[in-house]
Amino acid sequence: MKKTIYALAIIATALGCKTSQSTISEKEPVLATLDLVNVKDDKVMVTVDPGKINTETIIFYIPKTVPGTYSTSNYGAYAEDLKAYDYKGDELPVTVYDENSWGISNATRLDKVTYWMNDTFDVSGEGGIYSMAGTNINEGKNFLLNLHGFVGYFNDLTEEPYQLEIIRANDLYAGSAFDLAQSSEIKPGVTKDIFRASRYFEVTDNPIMYAAPDTVSFKVDQMDVLLHVYSPTKKFNAQDFKPGMEKMITAQKDFLGEIDNTNKYAILLYLSATPGDGDAARFGALEHHTSTVVVMPEEMEKESLDESLKDIVSHEFFHILTPLGVHSKEVHYFDYNDPQMSRHLWLYEGVTEYFANLFQVKQGLISNQDFYDRIQEKIAISQRFDDSMSFTEMSRNILEDEYKDSYYNVYQKGALIGMALDIRLRELSNGEMGLLDLMKQLTAMYGKDKPFEDEELFPVITELTYPEIGEFLNTYVSGTTPIPYNQFFTRVGLEMRQGQVAVDYFLKDPSTPFITVNENGEIVLRDDVELSTFFKELDLMGGDVIKSVNGKTYNVQNVYDLIGDAAKWSVGDPVEFVVERGGDEELKIEGKVVEPMSTGKRLVEIMNPNGEQMELRHSWLKS
């Protein structure tokens with residue numbers, strides 16, 4: 001999953017498989033029904049019929065945790081009035097165990113379970129659930145069905161086949177990678193859609209977004225790609241994003257080469273019109289085997305949104321490598337209510353994030369220097385975390401309080417582990433083997449239906465590569481030794497050099513803002529940090545209290561709006577600051593936007609690399 005903090009204006013930075021929908025067994029499926037027509041108080045009625053039960057008691061669950069989020073969500077807290085009925089329509093005794101589980105007595109007589117399900121977008125703070133893993137009920141307009149937030153399961157029945165039936169208005173279209181088995185009008189204006197899955201995981205792994213038709217599709221090699229967009233105010237449509245998505249996914253397929261893990265991929269893009277006000281407020285994407293759910297603010301400009309989608313969707317698409325093609329038993333047999341986490345987040349999320357950046361430089365979408373800048377930024381952010389923490393230990397315990405705050409580092413140091421491992425592999429193989437080659441070997445060895453034992457992955461990788469790679473993994477991934485990045489950069493002819501570097505308007509780097517807040521809640525330019533060329537050109541000074549920018553007043557309550565608004569500026573645009581200087585003097589300062597630059601170190605290519613450095617760099621970034 002890729003989490004995006006729009007409030008900090010770093011929008012573009014928390015699994016598509018060739019399921020070819022698995023063959024459904026002849027066994028009677030668990031039947032789950034969602035009624036999107038008879039919505040009551042912004043809630044949807046869900047019915048789950050398990051078929052014949054042979055035990056006197058059974059437990060019904062709604063997921064506590066779902067794959068890809070690495071956090072506790074408690075979706076059961078959104079269920080209301082859960083009841084169990086026998087075949088005569090009489091209620092059976094139900095015992096509430098906790099927010100996510102219910103015990104049902106006399107289960108041999110059980111016909112079905114029913115409950116009303118709320119959506120997460122309407123809840124203040126969304127209950128701590130990331131929007132891309134959340135749910136939306138907007139009657140007649142939009143239903144974002146991350147199905148783990150609607151459909152529950154019975155103990156010991158997760159590996160049984162499921163049939164999902166969704167009753168919906170005729171004018172709502174289902175955007176999904178889920179194969180539609182049947183669709184028929186059951187009464188005027190109302191249709192029933194039927195989807196079939198081989199097990200519960202396939203239900204939760206296939207989100208559906210119902211909305212008015214706004215869909216485009218295109219083909220990349222033999223893969224069909226669907227882009228389904230919901231823009232509440234109609235500011236955007238799917239056609240707006242087709243060129244960028246098609247170019248990006250074509251480049252990704254070229255990068256992957258012969259790897260062919262999916263013949264269908266769906267991008268479900270939900271745009272939030274009023275973030276935090278009854279609508280999604282957290283932005284990013286959640287991976288699934290054949291799709292991704294992306295949630296972004298509708299207020300963004302198209303250019304910025306295009307750029308953000310490129311980074312976000314490319315990350316999610318690369319999950320077709322891992323964990324789709326390469327994953328442990330903890331991932332394959334995921335326990336939604338008592339999850340045992342894998343030790344290998346560095347692989348599932350870190351390597352995925354690394355490839356999402358590497359392919360762009362290899363395919364000519366960004367320059368070498370753009371790529372180096374991204375690497376440098378990840379180093380800066382990762383060093384805000386404990387750099388000596390064992391990454392495998394952190395991963396295995398990511399749901400625990402001691403480790404959960406380190407999750408964001410998976411996208412930083414996890415990607416840097418991938419980078420260093422890639423360089424080391426190419427060095428040892430004289431440029432013949434890189435990390436993508438290793439992933440291809442692992443995919444051939446395992447694949448989507450054969451999980452590995454968690455503790456056996458490092459020995460397997462060592463056997464496939466070199467003893468030195470085993471030492472790398474044990475030292476820098478499971479061990480507590482920080483990665484000596486400069487050693488790896490020297491091998492490919494890079495160095496950290498002092499000079500003028502491009503910065504954001506109000507952020508020198510991810511950990512160093514140019515602004516702070518005083519005791520009165522006012523925004524102040526810092527006087528302990530050298531200001532950028534942007535501020536110097538305007539004759540702004542450290543200690544100036546920013547009262548307004550371009551006529552809009554800012555303070556601690558909307559400081560993130562200032563950063564977000566500035567992200568929309570272009571060089572040459574007129575800009576006006578009103579500042580208070582010296583305690584009582586108020587000044588109006590007018591000028592034009594210039595590119596902000598500041599003194600600092602930047603990762604760059606050395607002036608005169610030797611032949612070995614040039615060859616290794618070329619192997620790393622171009623071959």
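Ser532 is buried, with a relative accessible area of 0%. The model described here is a predicted one. Ser532 sits in the loop that connects β27 (523–525) with α14 (533–537). Leaving aside residues up to four places away in sequence, Ser532 touches Val503, Phe514, Pro596 and Met597.

**Strand pairing**

Strand β2 takes part in two of the pairings described here: with β13 in the parallel sense and with β3 in the antiparallel sense. In the pairing with β13, Ala32 stands opposite Leu164. In the pairing with β3, Lys40 faces Lys43 across the two strands. The hairpin of β2 and β3 has two residues between its strands, and Asp41 adopts a positive phi near 50° there. The table sets these pairings beside that of β11 with β17.

| Strand | Partner | Sense | Bridges |
|---|---|---|---|
| β2 (residues 30–40) | β13 (residues 162–169) | parallel | six bridges |
| β2 | β3 (residues 43–49) | antiparallel | six bridges |
| β11 (residues 142–145) | β17 (residues 208–211) | antiparallel | four bridges |

**The open sheet**

The pairing of β11 with β17 belongs to an open sheet of four strands, ordered β10-β11-β17-β14, in which the pairing is antiparallel. Which strands stand at the edges of this sheet? They are β10 (136–138) and β14 (173–175); each has a single partner strand, so one side of each is left without a neighbour in the sheet. On average, neighbouring strands of the sheet are turned by 15° against each other, direction ignored. Between β11 and β17, Phe143 stands opposite Tyr210. As a general point, the strands of a sheet pair through backbone hydrogen bonds, in either the parallel or the antiparallel sense.

**Helix packing**

Helix α2 (residues 238–256) packs against helix α5 (residues 345–362) at an angle of about 95°, and their axes are 10 Å apart. Because angles from 65 to 115 degrees count as roughly perpendicular, α2 is roughly perpendicular to α5. On the α2 side, the contact is made by Met248, Ala251, Gln252 and Phe255. The α5 side contributes Phe355, Leu358, Phe359 and Lys362. How many residues of each class does the contact of α2 with α5 have? There are six nonpolar, one polar and one charged residues.

Terms used:
Residues are numbered from 1 along each chain as its sequence is written. This is a predicted model: local features need pLDDT of at least 70, side-chain atom pairs count only at pLDDT 80 or more; totals for chains, interfaces and linings use all residues. Side-chain values use heavy atoms; hydrogens and water are left out. Two strands pair if DSSP finds at least two bridges between them. Axes are lines fitted to C-alpha atoms, for helices over the stretch in contact, and angles run from 0 to 180 degrees between N-to-C directions. Buried means under 20% relative accessible area, exposed over 50%, partly exposed in between (1.4 Å probe, protein chains only). Contact means heavy atoms within 4.5 Å. Angles under 35 degrees count as roughly parallel, over 145 as roughly antiparallel, 65 to 115 as roughly perpendicular and the rest as oblique. Ala, Val, Leu, Ile, Met, Phe, Trp, Tyr, Cys and Pro count as nonpolar, Asp, Glu, Lys and Arg as charged, and the others, Gly among them, as polar.
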